[in-house]
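Student: Could you go through a structure with me? I would like to start with its aromatic side chains.

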Amino acid sequence: MNKKKKLNKSGYPDEAIKTLARCFYPSMVEFFNSKEGQREYEEWLKEQETLNTAPIAA
């Protein structure tokens with residue numbers, strides 16, 4: 001009797017989340033495949049690299 005753990009802890013029904021994902025996904029793919037999307041992604045990667053290498057203030 002394997003029960004799946006509930007991953008959705010948002011309070012919104014799974015079906016509502018899936019419906020939103022189906023609506024947003026095509027636009028997101030189109031954006032990230034565009035030149036502007038690629039440029040923004042590269043900028044984000046550089047920011048993440050900077051954040052990950054910066055010393056943590058104690």
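Student: Is Y41 buried or exposed, or what does it count as?

Tutor: In this predicted model, Y41 counts as partly exposed, at 36% relative accessibility. Buried means under 20% relative accessible area and exposed over 50%, with partly exposed in between (1.4 Å probe, protein chains only). Local features need pLDDT of at least 70 and side-chain atom pairs pLDDT 80 or more, while totals for chains, interfaces and linings use all residues. Residues are numbered from 1 along each chain as its sequence is written, and side-chain values use heavy atoms, without hydrogens and water.

Student: And W44?

Tutor: W44 is partly exposed too, with a relative accessible area of 43%. Both Y41 and W44 lie in helix 2, three residues apart, about one turn of the helix. Helices are DSSP runs (H or I, at least four residues), numbered from the N terminus.

Student: How many aromatic pairs are there?

Tutor: The count comes to two. Rings of Phe, Tyr and Trp (its six-membered ring) pair if their centres lie within 6.5 Å; planes under 30 degrees apart count as stacked, over 60 as edge-to-face and the rest as tilted. F31 and F32 are edge-to-face, 5.1 Å centre to centre with 75° between the planes. The ring centres of Y41 and W44 are 6.0 Å apart and their planes are at 20°, so that pair is stacked.

Student: How exposed are F31 and F32?

Tutor: F31 is partly exposed at 27% relative accessible area, and F32 is partly exposed at 39%.

Terms used
Helices (H or I, at least four residues) and strands (E, at least two) are DSSP runs, numbered from the N terminus.
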